[in-house]
Every structure is written in structure tokens, then in C-alpha cells.
Amino acid sequence: PERAPDNPQVKNRNRKMFGNLLGHLQKAKKQVEEMATTPTMQKRMEIETKAETKAKESTIQLREIVKTEMREERKKNIEMLREIRTKQAEALHTLSLVRAGDQCKAQSQFIRTKASPPIFWLPKAVKGSKVEALLEATKGELEQELEVVKKKLVEQREEDIKLEEARQAELEERAAQRQKEREEYAKRMMEGEEGQEGGARRQREVEDEDEDDEAAKKAAAEEEEEEEGEEIVLG
């Protein structure tokens with residue numbers, strides 16, 4: 001279809017309407033700018049700004065309270081687990097010493113051969129200087145070996161305590177560092193400067209908490225291996 005010829009009257013009318021619209025928008029813009037400079041509007045804007053800031057602060061504080069409670073609960077559970085593992089290790093250490101003493105006492109009632117593996121035996125007639133001498137010799141050897149086992153168990157326990165104290169000191173240092181980062185992050189949030197740095201900090205926080213969980217699991221696994229090792233030593 002052919003295009004209808006332009007009507008000058010229609011063009012002028014459209015141009016006039018567009019001009020009126022632009023004038024109306026400019027007038028409205030000017031009125032808004034003038035209203036913004038009035039004391040009433042400035043006071044209203046100030047109240048709205050304070051309300052937004054207070055709401056933001058409340059949200060941040062509530063978020064930090066929830067996070068703090070979760071961290072405290074998690075810390076309490078880890079400490080409880082560590083306390084249980086420590087008591088178990090102490091009980092196992094005491095039991096190992098008792099078992100070693102009982103084993104020495106029971107075996108010292110027999111004569112141990114020099115062959116390997118050794119055999120414990122006792123003749124029907126236990127009277128006589130030769131038999132008594134062999135019994136005394138076996139008893140003396142077993143008591144010496146018992147002292148070696150006790151010394152080894154004590155040294156192993158002392159080493160375990162030192163390792164646990166070192167791990168605990170490392171965890172506390174990392175926790176203090178994370179707490180410092182959280183305080184700095186909360187301060188930046190109050191100032192409206194979170195950005196990518198805040199997201200990276202939260203990611204590091206999650207990774208550090210995962211590392212703490214792995215460290216606790218690793219410590220528990222190491223203690224279980226140590227318990228098995230002590231049982232093997234006692235035979």
C-alpha cells in the first residue's frame with residue numbers, strides 16, 4: 001500500500017503536544033528540586049536516611065548475633081568432644097599401665113625359655129634351687145621389661161598431651177584471627193563498604209570452619225590409632 005502524504009496540521013499538532021510534554025516534565029523536575037531544598041523535605045529525607053541506617057544496623061546486628069550463637073554452639077560441641085577424647089585417652093593410659101602390671105605378675109609365676117618365640121612353663125616339682133633360680137631370673141627379666149613398657153607409655157602420653165596443646169593453641173590463634181576479621185567486616189558493613197572483599201572474607205570464614213572440623217576429625221582419628229597402638233604393645 002502507498003504511504004499517505006504527510007498532513008502539516010497533524011505534524012504541527014504532534015510537535016506541539018511533544019513540546020508541551022517536555023515542558024511539563026521540566027516543570028515537574030524543577031518543582032521536585034525546589035521541594036528537596038525546603039526545610040521540611042530535607043528533614044524528611046534526613047529521617048528516612050536515619051531510618052534506613054538504623055534498619056541496616058539492626059539487620060547486621062541480628063545477623064551477627066545469630067552467627068555468634070551458632071559459633072558458640074559449635075565451639076561448645078567441639079570442646080565437649082575434645083574433653084571426652086581426653087578422658088578416654090587418660091582412662092586408656094591408666095588401663096594400659098594396669099594391664100602391663102597384671103601381665104607381668106601373671107607371667108612371673110612361670111619360667112620363660114630363651115627360645116624365640118618364648119614359652120612359659122612350670123615343672124610339676126617347683127621345689128629345688130635350680131627351679132627357684134629360673135623363676136627368679138624370669139621374674140627379674142619381666143620386671144625390667146615392665147619398667148621399659150611403663151616408661152614408653154608415659155613418654156607417649158606426654159607426647160600426645162604436647163601435640164594436643166599445640167593443636168589447641170593453633171585453633172585458638174586462628175579463632176582470634178577470624179574474630180578480628182569479623183569485627184573489621186562488621187565495621188565496613190556499617191560504613192557500606194562490603195563489596196567483593198566482604199564476600200571473600202565470608203568464603204575464608206567458611207573454609208576456616210571446615211578446616212577446624214577436619215582438624216577435630218583428624219585429632220580423633222589419631223587418638224584412635226594411638227589407642228590401637230597401645231593395645232598392640234600390651235599384646
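This tour moves through a predicted model of one protein chain, one selection at a time.

**The whole chain**

Begin with the protein chain displayed as a cartoon. Four helices and two strands should be visible in the protein chain. Followed along the sequence, these elements appear in the order α-α-β-β-α-α. Next, display the surface of the protein chain. The exposed area is about 18300 Å², and carbon and sulfur atoms contribute 56% of it. Of the 235 residues in the protein chain, 17% are buried. The contacts may also be considered as a set: among those between residues at least 6 apart in sequence, 69% join residues at least 24 apart. Several selections below illustrate such contacts and the salt bridges, of which the whole structure holds eight.

**Helix α1: a nonpolar patch**

Select Phe-18, Leu-21, Leu-22 and Leu-25, and keep the surface on. Together these four residues make a nonpolar surface patch of about 390 Å². Now select Leu-25 alone, which belongs to helix α1, residues 8-36. Is Leu-25 buried or exposed, or does it fall in between? Its relative accessible area is 49%, so Leu-25 is classed as partly exposed; the class called exposed requires over 50%.

**Helix α2: two salt bridges**

Proceed to helix α2, and select Glu-46 and Lys-50. These two residues form a salt bridge, in which the closest N and O atoms are 3.5 Å apart. How far along helix α2 are Lys-50 and Glu-46 separated? They are four residues apart in helix α2, which means a separation of about one helical turn. Lys-50 is exposed, at 54% relative accessibility, whereas Glu-46 is partly exposed, at 44%.

Select Glu-83 and Lys-87 next. Their side chains meet in a salt bridge with an N to O distance of 3.5 Å. Glu-83 and Lys-87 are likewise four residues apart in helix α2, and therefore about one helical turn separates them. Glu-83 has a relative accessibility of 45% and counts as partly exposed, while Lys-87, with 55%, is exposed.

**Helix α2: a buried arginine**

Remain in helix α2, which spans residues 39-107, and select Arg-85. Is this residue, Arg-85, buried or exposed? Arg-85 has a relative accessibility of 12% and therefore counts as buried, given that the limit for this class is under 20%. Add Gln-88 to the selection. The side chains of Arg-85 and Gln-88 are joined by a polar contact of 3.2 Å.

**The loop after helix α2**

Select Ser-108, which is located in the loop between α2 and β1 (111-112). Ser-108 is buried, with a relative accessible area of 12%. Which residues is Ser-108 in contact with, leaving aside its neighbours within four places in sequence? They are Leu-135, Lys-139 and Leu-142.

**From strand β1 to helix α3**

Select Arg-112 and Glu-145. A salt bridge connects Arg-112 with Glu-145, and the closest N and O atoms are 2.9 Å apart. This pair links distant parts of the chain, since Arg-112 is in strand β1 and Glu-145 is in helix α3 (residues 129-190), 33 residues apart. Arg-112 is buried, at 17% relative accessible area, whereas Glu-145 is partly exposed, at 38%. Now add Lys-114 and Glu-141 to the selection. Salt bridges with shared partners join Arg-112, Lys-114, Glu-141 and Glu-145 into one network.

**A final stop: Thr-138**

Select Thr-138, which is also part of helix α3. With a relative accessibility of 2%, Thr-138 counts as buried. Display the residues around it. Not counting residues up to four places away in sequence, Thr-138 touches Gln-107, Phe-110, Ile-111, Arg-112 and Phe-120. One of these, Arg-112, was selected at the previous stop, where it formed a salt bridge with Glu-145. To finish, place a distance label between the C-alpha atoms of Thr-138 and Phe-110. Although these two residues are 28 residues apart along the chain, their C-alpha atoms are separated by 7.5 Å.

Note on methods. Residues are numbered from 1 along each chain as its sequence is written. This is a predicted model: local features need pLDDT of at least 70, side-chain atom pairs count only at pLDDT 80 or more; totals for chains, interfaces and linings use all residues. Side-chain values use heavy atoms; hydrogens and water are left out. Buried means under 20% relative accessible area, exposed over 50%, partly exposed in between (1.4 Å probe, protein chains only). A polar contact is a pair of N or O atoms within 3.5 Å; within protein, one must be able to donate a hydrogen and the other to accept it, and residues adjacent in sequence count only if both atoms are side-chain atoms. Contact means heavy atoms within 4.5 Å. Patches are made of residues with over 30% relative accessible area and no salt bridge: like charges are joined within 9 Å, nonpolar side chains (Val, Leu, Ile, Met, Phe, Trp, Tyr) within 5 Å. Accessible areas come from the Shrake-Rupley method with a 1.4 Å probe; for residues, only the protein chains shown count as cover.
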